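Let's take a walk through this protein together, starting with how its pieces are ordered and ending with the open spaces between them. Have the model at hand as you read.

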Amino acid sequence: DVPVVAFVGDGGLAMYLGEIETVVRLKLDLLIVTFLDNSLELIKRSQRRRAVAIEGTSFGNPELVWLARSFVASGYIATSRAHLTVAHADASPRPGLRAPH
């Protein structure tokens with residue numbers, strides 16, 4: 001019954017795309033803020049710590065705004081605090097937002 005914000009990296013988001021469908025279908029008030037660095041940073045750090053070759057941790061991102069919209073969710077790019085404020089206000093749940101049948 002309260003708004004929730006999830007902060008995830010782009011690699012973590014890619015691992016949990018199915019959960020976006022669940023959020024939309026259940027009409028949950030969840031704002032997902034995704035940090036982009038084109039990598040699976042935690043796995044990369046683990047590889048460094050173990051002194052093994054860094055493999056399979058870099059990738060090109062899909063267009064995340066389109067990806068959000070493909071789930072019938074709002075997607076925005078925020079490069080400043082002001083952009084984030086506007087995106088958050090616009091992304092807040094609106095009456096009539098429904099997942100497709």
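Start at the N terminus and follow the chain: the elements come in the order β-α-α-β-α-α-α. That gives 5 helices and 2 strands in the protein. Keep in mind that what you are looking at is a predicted model.

How much of the protein is buried? Of its 101 residues, 17% count as buried. The protein exposes about 7,600 Å², and carbon and sulfur atoms supply 61% of that area. As for how the chain meets itself, take the contacts between residues at least 6 apart in sequence: 58% of them join residues at least 24 apart.

**A pair of rings**

The count of aromatic pairs comes to 1. Its members are Phe7 and Phe35, and the pair is stacked because the ring centres are 6.1 Å apart and the planes sit at 20°. Phe7 belongs to strand S1 and Phe35 to strand S2, so the pair ties together parts that are 28 residues apart in sequence. Is Phe7 buried or exposed? With a relative accessible area of 56%, Phe7 is exposed, since the cut-off for that is over 50%.

**Two buried residues**

Now for a couple of residues that are tucked away. Ala87 has its place in helix H5. Its relative accessibility is 9%, so Ala87 counts as buried, the cut-off being under 20%. Ala87 and Gly75 are 12 residues apart in sequence, and their C-alpha atoms are 8.2 Å apart in space.

Gln47 is found in helix H3. Gln47 is buried as well, with a relative accessible area of 9%. Which residues does Gln47 touch, leaving aside its neighbours within four places in sequence? They are Val52, Ala53, Ile54, Glu55 and Thr57.

**The pockets**

On to the empty spaces. Rolling a probe the size of a water molecule over the atoms shows where empty space is left. Here are the two pockets, with their volumes and the classes of residue in their linings.

| Pocket | Volume | Nonpolar lining | Polar lining | Charged lining |
|---|---|---|---|---|
| Largest pocket | About 1,200 Å³ | 30 residues | 7 residues | 4 residues |
| Second largest pocket | About 160 Å³ | 4 residues | 4 residues | 3 residues |

The largest pocket is lined by 41 residues. Which of them lie nearest its centre? Leu31, Ile32, Ser74, Gly75 and Tyr76 do. Several elements each give at least two residues to this lining: strand S1 (4-9), helix H2 (17-25), strand S2 (30-35), helix H4 (64-70) and helix H5 (81-91). The largest share, 6 residues, comes from S2. You have met some of these elements already: S2 holds Phe35 of the ring pair, and H5 holds Ala87. Gly75, one of the residues nearest the centre of the largest pocket, is also the one whose C-alpha lies 8.2 Å from that of Ala87.

The second largest pocket is lined by Gly9, Asp10, Gly11, Gly12, Met15, Asp37, Ser39, Leu40, Glu41, Leu42 and Ile43. Helix H1 (10-15) and helix H3 (41-49) are the elements that give two or more residues to this lining. The largest share, 4 residues, comes from H1. H3 is a familiar name too, being the helix that holds Gln47.

How values were computed. Residues are numbered from 1 along each chain as its sequence is written. This is a predicted model: local features need pLDDT of at least 70, side-chain atom pairs count only at pLDDT 80 or more; totals for chains, interfaces and linings use all residues. Side-chain values use heavy atoms; hydrogens and water are left out. On a 1 Å grid over the protein atoms alone, a cavity is a set of points where a 1.4 Å probe fits but cannot get out, and a pocket is an open set with protein on both sides within 12 Å along at least five of seven lines; lining residues have an atom within 4 Å of a point. Grid points are joined across faces, edges and corners, and a volume is the space filled by probe spheres set on the points. Ala, Val, Leu, Ile, Met, Phe, Trp, Tyr, Cys and Pro count as nonpolar, Asp, Glu, Lys and Arg as charged, and the others, Gly among them, as polar. Buried means under 20% relative accessible area, exposed over 50%, partly exposed in between (1.4 Å probe, protein chains only). Contact means heavy atoms within 4.5 Å. Accessible areas come from the Shrake-Rupley method with a 1.4 Å probe; for residues, only the protein chains shown count as cover. Rings of Phe, Tyr and Trp (its six-membered ring) pair if their centres lie within 6.5 Å; planes under 30 degrees apart count as stacked, over 60 as edge-to-face and the rest as tilted.
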